[in-house]
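Work through the exercises below with the sequence and the coordinates at hand. Try each task before reading its solution.

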2 protein chains.
Amino acid sequence: MIIKTTIKDVAKKAGVSISTVSRVINGMDRVSKSTTKKVQLAVETLNFYPDHVARAMINKKTQTIGLIVPQLSNEYWALMSEVIQNQLWLNGYTTLISSTDNETDKENAYLKMYIERRVDGIIYCAPSQHLSGDQQQMDMLKRSGVPIVTLDPSVVGISCVTGDHLLGSFNAVEHLIQLGHRNIAYIGGPVVSIEREFGYRKAMMMHRLNLNEALILTVNGQTPKEGYRALQQLLASGEKFDALFCGNDMLAFGAIKALEEANIRVPEDVAVVGYDDIQSASLFKPTLTTVRQPISDIGKELIGLLLQCMDQEVGNRTPRKIVVPTELIVRESSGVGKQDETFFFHEER
Amino acid sequence: MIIKTTIKDVAKKAGVSISTVSRVINGMDRVSKSTTKKVQLAVETLNFYPDHVARAMINKKTQTIGLIVPQLSNEYWALMSEVIQNQLWLNGYTTLISSTDNETDKENAYLKMYIERRVDGIIYCAPSQHLSGDQQQMDMLKRSGVPIVTLDPSVVGISCVTGDHLLGSFNAVEHLIQLGHRNIAYIGGPVVSIEREFGYRKAMMMHRLNLNEALILTVNGQTPKEGYRALQQLLASGEKFDALFCGNDMLAFGAIKALEEANIRVPEDVAVVGYDDIQSASLFKPTLTTVRQPISDIGKELIGLLLQCMDQEVGNRTPRKIVVPTELIVRESSGVGKQDETFFFHEER
DNA sequence: CTGAAAGCGCTAACAG
DNA sequence: CTGTTAGCGCTTTCAG
C-alpha cells in the first residue's frame, strides 16, 4: 500500500496546524512569511501533493468536464477533442473524453459515469437522432441537473452550437450545379447529420433539378469503408450520375476509391465534394473540395456556452443556440482549379 | 446550487440507516429481500447516483488511469487512445487522456495533475528523450509511487512495451535495397524514435552501402508539414537519392507532396516507405508501403503490464519489457505491385 | 440482518 | 496571523 503524504504530515513536519498548511497551499489567505517558508519546505521535502479528490468533495466541484464524441479515432473528432481539451485546460478544467461508437448503450453508460463522477459539465457531441430520441437519457441528464451543451443536435432547453449545415451543403451542391452537373448523388444519413441531406435537396429543388431518390444513399457509419460500399452499391444499380456530394470527407475518400476501381475518373467523369475539411482532405489525391467546419471556433463556442451555463442556477438557465458558418473549400475533386477543360466539358453538355 | 440526493436522503426515504443503503447499492453484503426492495425503490424515485468522489476518498482508488500521448489529433495516437480507453473501460477504469504536443512543460503539468487526482496508474506514451531526459519528471513519478508503464522509451525500473523498431526499420530499408535502391534518404529524429534511424543505419551498413549523412534529416514534429519542409530542404541541397524512408506515415505524406510538386514521381523516380500504417496509408495515392504497428496489441500489452504493476506493492515491482513485432506492408509507393518496369529499372542501374 | 459511529483528506467558519 | 472544529458523502468496523 502506497502511503501518501497528507496535509497532516506536512503540518507536523512544519510544526503548524493543518489549516495553516491549507492556507499556504491555497495561497489566498494571509500567512506570515516565516511560517509560509516553513510550510513550503515541508511540502517539498515530504513531496506533498494536495489530494484533489478530497478537495472536490468539499468544494463540490471536480474541475472536470465530460466530453462525448462519436469516435475518437475519426480525424474530425480527434481534432475536436484536442481543441476542446486544450481550451478547457486553459480554463482550469480537465477533460474526460468518451467515444461512443454511436451505440446508445455506451452513451448511457458514459453519461451515468459522468454523473457519478460529478463532472462540472458535459459537452455532448453526438448524432442528433440519438440525443433527441432517447428519452431515458434526456431524463437522466435533466434530473441530474448537470450543465450540458451539445454540438449539432438541438434539444429543448439545452444550449447548443451547430455548424450551418443546411447552408453549407446547399453551397456545396450549388457549386456542383454551377459546374454544369445535373445528376448529383448524395451519401449521408442520420449518422452524418440529416441537415446535410436537406441542404442537398434544397439546392436541387431551387435549381429545378430532378431529385432522383435512387441517387440518395444512407450509410450507418462515418468511415471510408461505408463510402466505398455505398458507391459500389450505387454503381451496381446502374443509375447515372456525374457528381457526388458526401456527408463527410471520410465517406468521400472511400467513394473515390470505389470510383477509381471502376475506372471512373475524379473529377473528369464524376465530380466529388466532401464535408468537414479534415487534414487528409488536402493530402488526398485528388485534393478534396469540401465544406470546412471551423473546429477551433466550434470548440470555443461550446466551452463558452458551457461555462455560462455552469454559472447559472439550475432553474433559470436560458438555452442559447449558436450557428457557426461553414466555408466551401474548392480543390481538385470538383474539377475546378485543375484543368479548365473539365469545366468546359461540363458546361457544354 | 444543485442539490444532489445523497445516501442520507435515500436512507430517510426508505426508513433505514445509511449503512443499509450502502450495503444495498454495493450488493456485496447480506440484506433482507424486503429492505433491499424498499431501498431500491427509494434510490429510483430519488434519482440517486452514488458519489464516486466520496467513494474514491474512502477506497483510495479512483478507478482512473491517466494516459499521456504526444498528440491526440494525430491519427496514430487517436487510435491508440481509443483502443486503450475501450480496453480499460472493460476493466472498470475510466481514462484521462492528455496530449502534450511534445512540450516538457505540459508533460510535467499533466503528470502533476494525474498525481493530484490520484489516478490508479499512468500509461505514458512519449518520445523517449523526454522521459529519460527530464530527471525532475522521473523523480516526481517515482516518489509518488504511482504505477506507470511506458510505450517505447525504456526507463530504469519501469515496465514498458515497445514495437520492434530497429528490426522494423531494418526490414523497411532492406526492402528498398532489395528493390535496387542505393541512395536512400531518411527523415526522422528523436521525436519519432531514434531506433528507426538506427534500423536504417544498420540496413545500410549491413549491405555495405555508402551512408551519406546529408541524406539523413531530422525533424521536430510528426505532421505532413514537417515532412514537406524536410523534403524541400533535401531537394534544395542537390543531393541525389532514389528512395526515401520516413519515420512515420504523416512525414511520408508531406514528403511525397513535396516530391510531386518538384515533378519527381513516386515510386518511379523515388520509392517511399513510411512507418505506422495508419488508416490513411492505404487511402493515400500512391498507397503507402509502410511498417505496421499492431496498435491493438500494443494497447493490450500496456494495460496488462499496468494492471500487473498495480497489483504489486510499490517496493517489489519487477519491471518487464515487452517487444511487439512489426510487419512490413508493401504497397505502391515503394514501386512493387504496380508496374514491374519500375522494379527492373532500378535493378539495372 | 441492521444501526451507530469513526473516519478518508481537506476546507471553512469560528475563535483566539 | 494561527489553531480548533465541524463536516463533505460514503464505507466499514463494531455492536446489537
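**Exercise 1. Contacts with DNA strand C**

How many residues surround DNA strand C, and which are the closest?

Solution. Note that this is a predicted model. Apply the cut-off: a residue is near the strand if one of its heavy atoms lies within 4 Å of it. That gives 27 residues around DNA strand C. The closest are A:Ile7, A:Arg55, A:Ile58, B:Thr20 and B:Arg23.

Next, sort these residues by class. The surface near DNA strand C has 11 nonpolar, 10 polar and 6 charged residues.

Then turn to the DNA side. Of the strand C atoms within 4 Å of the protein, 59% belong to sugar or phosphate, and the rest to bases.

Now list some polar contacts. B:Arg23 places a side-chain N or O atom 2.4 Å from a base oxygen of DNA strand C. A:Asn26 has a polar side-chain atom 3.2 Å from a phosphate oxygen of that strand. B:Ser32 uses a backbone N or O atom, 2.9 Å from a phosphate oxygen of DNA strand C.

Finally, assign elements. Two or more residues each come from α2 (18-26) and α4 (52-59) of chain A, and from α2 (18-26) and α4 (52-59) of chain B. The largest share, 6 residues, belongs to α2(A).

**Exercise 2. Contacts with DNA strand D**

Find the residues closest to DNA strand D, then the elements that supply the surface near it.

Solution. Start with the count: 27 residues surround DNA strand D. A:Ser19, A:Thr20, A:Arg23, B:Ile7 and B:Arg55 are the closest. Sugar and phosphate make up 58% of the strand D atoms that come within 4 Å of the protein.

Check individual contacts. The side chain of A:Lys60 has an N or O atom 2.7 Å from a sugar or linking oxygen of DNA strand D. For the side chain of A:Thr35, the partner is a phosphate oxygen at 2.8 Å. A:Ser17 reaches a phosphate oxygen of DNA strand D through a backbone N or O atom, at 3.0 Å.

Map the surface to elements. α2 and α4 of chain A, with α2 and α4 of chain B, each give two or more residues. The largest share is from α2(B), with 6 residues.

**Exercise 3. A nonpolar patch**

Which residues form the nonpolar patch on the surface?

Solution. The members are A:Met57, A:Ile58, B:Met57 and B:Ile58. Together they have about 420 Å² of accessible area. α4 of chain A and α4 of chain B each give two or more residues to the patch. Take one member: B:Met57 lies in helix α4 of chain B. Patch residues need over 30% relative accessible area. B:Met57 has 34% and is partly exposed.

**Exercise 4. Salt bridges**

Locate a salt bridge that joins two chains, then one that links distant parts of a chain.

Solution. Side chains of opposite charge can pair when their charged atoms come close. The count over all chains is 21 salt bridges.

For the first case, take B:Asp51 and A:Arg118, 3.7 Å from N to O. B:Asp51 lies in the loop between α3 (33-46) and α4 of chain B, and A:Arg118 in the loop between α6 (104-116) and β3 (121-125) of chain A, so this pair joins two chains. B:Asp51 is partly exposed at 27%, whereas A:Arg118 is buried at 13%.

For the second, take B:Asp276 and B:Arg196, also a salt bridge at 3.7 Å, N to O. B:Asp276 sits in strand β9 and B:Arg196 in helix α10 of chain B, 80 residues apart. Both B:Asp276 and B:Arg196 are buried.

Notes: Residues are numbered from 1 along each chain as its sequence is written. Chains are lettered from A and ligands numbered from 1 in the order in which they are written. This is a predicted model: local features need pLDDT of at least 70, side-chain atom pairs count only at pLDDT 80 or more; totals for chains, interfaces and linings use all residues. Side-chain values use heavy atoms; hydrogens and water are left out. A polar contact is a pair of N or O atoms within 3.5 Å; within protein, one must be able to donate a hydrogen and the other to accept it, and residues adjacent in sequence count only if both atoms are side-chain atoms. Helices (H or I, at least four residues) and strands (E, at least two) are DSSP runs, numbered from the N terminus. Ala, Val, Leu, Ile, Met, Phe, Trp, Tyr, Cys and Pro count as nonpolar, Asp, Glu, Lys and Arg as charged, and the others, Gly among them, as polar. Patches are made of residues with over 30% relative accessible area and no salt bridge: like charges are joined within 9 Å, nonpolar side chains (Val, Leu, Ile, Met, Phe, Trp, Tyr) within 5 Å. Accessible areas come from the Shrake-Rupley method with a 1.4 Å probe; for residues, only the protein chains shown count as cover. A salt bridge is a side-chain nitrogen of Lys or Arg within 4 Å of a carboxyl oxygen of Asp or Glu. Buried means under 20% relative accessible area, exposed over 50%, partly exposed in between (1.4 Å probe, protein chains only).
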